[in-house]
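Please walk through this protein with me, beginning with its sheet and moving outward to the helices and the packed interior.

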Amino acid sequence: MLFIGATLLLCAYTLHKVRLVHLMLHDVRDQSHHESASLFRQLEALQGLYTDLGLSRSLPNTRGWAASPDFLLELTRHALAEAPNVIVECSSGTSTLVLARCAQLSGKGRVFSLEHDPAYARETRRQLERHGLSAWAQVIDAPLTSREFAGASWPWYATDGLPPGAEIDMLVIDGPPQATRSLARYPAGPALFGCLSPGAAVFLDDARRSDEQQILRRWAEEYPEVEQRQLPCEKGAAVLRYRPRA
């Protein structure tokens, strides 16, 4: 009897382990399928970028910290459809090239990109020159300085390099980096929403992160005239529309 009991326990343990392995294989398969679908979506978006923009030179890397192709494609299609006159970016990079090319194709508008990192600023300027887009975008050296917003201190871009009095038709928020402070991008609201033109669009990248979700909730409370909509981008994104009340 002791032998039979031990055998049954061993069989039960083995079946339990086999089931765990089976479940793990299913998880790996599902994860692999999800990653393949996500990669395919980004490749489709990248092809869409090259097609819509008619680029003859390659774009910089769109992985890692850079904006993903699907987010860049959202920016592209909005900018080509609405031809904004003043485009402001919080952080420079591939999006600067994309938006400058949109302005060039539309024959109007200019990009003003706030960049706190001198190395990134130099590289973006180099890429703009490489693509023949320097006339359509200005990378502004904008160090992060301590500013007071909502009763707290925040590191935020120096904005004195922006055109004085200009109304912003399109605002793209992809900085500062998350590591600078919790809710690092919140100050874009109090610092720049007051400069938006009626109907202006605001694009927020990385909107799937908990910080950005909290920022969107705060903006919704503080700026009820700004409508919010989520975009199905790889890293999460949101587009906000400024609809001033009469």
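Two strands are taken to pair if DSSP finds at least two bridges between them, and the account that follows relies on that criterion. The model is a predicted one, and the descriptions below should be read with this in mind.

By that criterion, seven strands form an open sheet with mixed pairing, in the order β3-β2-β1-β6-β7-β9-β8. At its edges stand β3 (137-141) and β8 (226-231), each of which pairs on one side only. From one strand to the next the twist averages 15°.

Strand β7 is a useful place to look at the two senses of pairing. With β6 it pairs in the parallel sense over five bridges, and in this region Leu-171 stands opposite Val-202 of β7. With β9, in contrast, β7 pairs in the antiparallel sense, again over five bridges. Two positions illustrate this second pairing: Ala-201 has Arg-241 in β9 as its bridge partner, and Asp-205 stands opposite Ala-237, also in β9. Is β7 enclosed by the rest of the structure, or open? Eight of its ten residues are buried, so β7 is largely enclosed by the rest of the structure. In a regular strand the side chains alternate between the two faces of the sheet.

Helices lie against these strands. Helix α2 (residues 69-82) lies across β6, β7, β8 and β9, and runs at about 165° to β7. Helix α4, for its part, lies across β2 and β3, running at about 165° to β3.

The interior can be followed through its nonpolar cores. The largest of them has 33 residues, and those with the most contacts inside it are Val-88, Leu-171, Ile-173, Phe-193, Leu-196, Trp-219 and Leu-240. Several elements give two or more residues to this core, including β1 (86-90), β6 (168-173), α6 (210-222) and β9 (237-242), while β7 (196-205) gives the most, with four residues. Apart from this core lies another, of 31 residues, among them Leu-73, Ala-100, Ala-201 and Phe-203. Within the largest core, Trp-219 deserves a closer look: leaving out residues up to four places away in sequence, Trp-219 touches Ile-173, Arg-185, Tyr-186, Ala-188, Gly-189, Phe-193, Leu-204, Gln-228 and Leu-240.

Two packed helices are described by the angle between their axes and the distance between the axes. For α3 (residues 94-106) and α4 (residues 118-130), the angle is about 35° and the axes are 9 Å apart, and α3 passes α4 in a right-handed crossing. Which residues of α3 and α4 meet? On the α3 side they are Thr-96, Leu-97 and Ala-100, and on the α4 side Thr-124, Gln-127 and Leu-128. Sorted by class, this contact of α3 with α4 has three nonpolar residues, three polar ones and no charged residues.

Gln-127, which has its place in helix α4, merits separate attention. Is Gln-127 buried or exposed? Its relative accessibility is 9%, and since a residue counts as buried under 20%, Gln-127 counts as buried. When its neighbours within four places in sequence are left aside, Gln-127 is in contact with Pro-60 and Leu-97, and Leu-97 is also one of the α3 residues that meet α4.

How values were computed:
Residues are numbered from 1 along each chain as its sequence is written. This is a predicted model: local features need pLDDT of at least 70, side-chain atom pairs count only at pLDDT 80 or more; totals for chains, interfaces and linings use all residues. Side-chain values use heavy atoms; hydrogens and water are left out. Axes are lines fitted to C-alpha atoms, for helices over the stretch in contact, and angles run from 0 to 180 degrees between N-to-C directions. A crossing is left-handed if the near helix is turned anticlockwise from the far one by less than a right angle, and right-handed if clockwise. Contact means heavy atoms within 4.5 Å. Ala, Val, Leu, Ile, Met, Phe, Trp, Tyr, Cys and Pro count as nonpolar, Asp, Glu, Lys and Arg as charged, and the others, Gly among them, as polar. A nonpolar core is a set of buried Ala, Val, Leu, Ile, Met, Phe, Trp, Tyr and Cys residues joined through side-chain atoms within 4.5 Å. Buried means under 20% relative accessible area, exposed over 50%, partly exposed in between (1.4 Å probe, protein chains only).
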